[in-house]
Amino acid sequence: MHEDRLLDLFERMVKIESPSWHEADMARFCADELEALGFDVEFDDSAAVTGSDTGNLLACRPGSTSGAVAFSAHMDTVKPCEGISVTRIEDERGDILCSEGATILSADDKAGIAAIFEGIRSAIEQGSDLPDIYVILTTCEEQSLLGSSSFGLADKVAGMDCFVLDADGAPGSVICQAPCHHTMDVRIHGKAAHAGVEPEVGVSAIEVAADAISGMQLGRLDDATTANVGVIEGGVATNIVAESCAFQAECRSVFPDRAEAQKEQMTQAVLAACERAGATADIEWKMDYPEVDCPEESPLIVRARRAIEACGLGFSAVRTGGGADANCLRGMGVNAITLGTGMTNFHSTDEYIKVQDLMDDARLVQALISEYAS
């Protein structure tokens with residue numbers, strides 16, 4: 001493992017602007033790096049669905065022994081990401097990498113990509129037998145997992161164990177549970193009327209929406225389930241009883257039956273409010289991605305833990321309330337799980353990662369390769 005080489009690779013990556021929908025330059029860089037490591041690289045046709053300027057990347061390097069393992073990360077970042085400059089400082093947080101303060105660092109998720117590449121390179125240099133190694137790099141992850149949900153090459157890695165390097169938490173932490181996610185789109189249809197002359201003739205869609213929302217169970221519902229209304233819009237003028245009002249909501253749970261029960265509760269709240277007021281509603285639910293619920297005793301977690309402990313890291317099983325590409329990949333038949341990388345304060349200009357965590361990420365990738373070659 002070469003610290004200077006890893007840090008140089010990370011710094012070169014973060015200088016490549018790759019906000020969601022504009023990952024083409026980053027994709028070309030990654031393809032070149034992987035081809036230099038002996039990988040065959042291809043892209044899917046997901047750009048037609050996502051609107052990105054490139055597809056998702058899949059790379060494969062045939063091994064010298066039986067076994068196969070996949071690694072994944074995403075190529076896009078949030079903004080501001082123009083002109084990122086990495087600074088290495090040592091303070092009360094430790095020996096860290098951060099930006100100069102006006103931009104994100106983009107450790108989310110370029111630390112994951114850099115660690116994958118360095119871990120693979122070190123495994124090759126070690127000279128031991130290697131399994132087949134696959135790398136999946138996605139677009140538009142920051143847009144509700146748009147890229148991975150459109151991954152068109154999943155059949156080539158179906159059934160394979162896949163480690164997604166894209167979570168906070170120290171290296172050694174494994175996201176064993178993450179929720180499914182459902183989005184609700186509602187449009188209330190009321191009746192317009194002049195608000196000053198004959199308001200009693202109208203049916204305010206805004207009032208009905210407010211009544212419906214007030215009847216919903218929202219926030220943290222239990223230790224694994226949440227719900228939220230995030231967007232609402234309606235009406236055209238203050239002197240018109242609003243004929244139409246739309247809102248978007250969501251619910252999540254690690255347990256699908258709880259999510260289904262919450263969906264029904266929210267739907268019934270809308271229907272009841274409409275019935276009370278004499279309005280109607282169009283209600284549409286969409287499943288954005290399935291849950292991750294991987295027991296600690298499952299073969300995937302057992303092998304991950306073995307590699308983690310071989311690196312001298314502490315294993316930690318984690319439940320999260322957010323989704324990652326692993327959710328979508330699992331829904332496509334890939335046996336994926338997310339690993340903590342140590343990225344901290346991501347999605348902000350205060351983002352940083354410890355140098356040791358970045359090194360440990362790469363060491364863990366190398367250990368996982370060894371695990372799947374044995």
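This is a short walk through one protein model, from the whole chain down to two loop residues.

Okay, hi everyone. Before anything else: what we're looking at is a predicted model. Let me start with the big picture. The protein has 374 residues, and 52% of them count as buried. Along its principal axes, the C-alpha atoms fill a box of roughly 85 × 45 × 45 Å. For secondary structure, you'll find nine helices and 17 strands.

A couple of whole-protein numbers, then. If you take the contacts with a separation of 6 or more, 78% of them are between residues 24 or more positions apart. The accessible surface is about 15400 Å², and carbon and sulfur atoms make up 47% of that. On charges, we have 26 positive and 63 negative, and the mean positions of those two groups sit 3 Å apart.

Now, let's go to a sheet. Which order do the strands take in the open sheet of three? The order is S4-S5-S17, and the pairing is antiparallel. S4, which is 86-91, and S17, which is 352-354, are the edge strands; each has a single partner, so one side of each has no neighbour in the sheet. Neighbouring strands here are turned against each other by 30 degrees on average, if you ignore direction.

Zooming in on one pair: S4 and S5, residues 94-99, run antiparallel and are joined by six bridges. If you want a spot to click on, try Thr-87, which stands opposite Cys-98 in S5. And there's a helix on this sheet as well. Helix H1, residues 3-14, packs on it and touches both S4 and S5. The direction of H1 makes about 130 degrees with that of S4.

As a quick reminder, strands of a sheet pair through backbone hydrogen bonds, either parallel or antiparallel. We've had antiparallel, so here comes the other kind. Look at strand S3, residues 68-74. Is S3 mostly covered or mostly uncovered? Mostly covered: six of its seven residues are buried. S3 pairs with S6, residues 132-138, in the parallel sense, over seven bridges. S3 also runs parallel to S7, residues 161-167, with three bridges joining them. Ser-72 is a nice one to look at here, with Ile-136 opposite it in S6 and Val-164 as its bridge partner in S7.

Last part: two loop residues. Thr-349 lies in the loop between S16, which is 335-340, and S17. Its relative accessible area is 32%, which makes Thr-349 partly exposed. What does Thr-349 contact, once we leave aside its neighbours within four places in sequence? That would be Pro-80, Ser-99, Gly-101, Ala-102, Thr-103 and Ile-104. As for His-2, 347 residues from Thr-349 along the chain, the two C-alpha atoms are separated by 28 Å.

The other one is Ser-149, in the loop between S6 and S7. Ser-149 has 35% relative accessibility, so it counts as partly exposed. Not counting residues up to four places away in sequence, Ser-149 touches Cys-328 and Met-332. And how far apart are Ser-149 and Tyr-289 in space, C-alpha to C-alpha? The distance is 7.6 Å, while in sequence they are 140 residues apart.

That's my tour, thanks for listening.

Key:
Residues numbered from 1 in each chain as written. Predicted model: local features only at pLDDT ≥ 70, side-chain atom pairs only at ≥ 80, totals over all residues. Heavy atoms only, no water. Helix = DSSP H or I, 4+ residues; strand = E, 2+ residues; numbered from the N terminus. Buried < 20%, exposed > 50% of the residue type's maximum accessible area, 1.4 Å probe, protein only. Contact = heavy atoms within 4.5 Å. Areas by Shrake-Rupley, 256 points an atom, 1.4 Å probe, with all protein chains shown as cover. Lys, Arg positive; Asp, Glu negative; His and termini not counted. Charge placed at Lys NZ, Arg CZ, Asp CG, Glu CD. Pairing = 2+ DSSP bridges. Axes fitted to C-alpha atoms, helices over the stretch in contact; angles between N-to-C directions.
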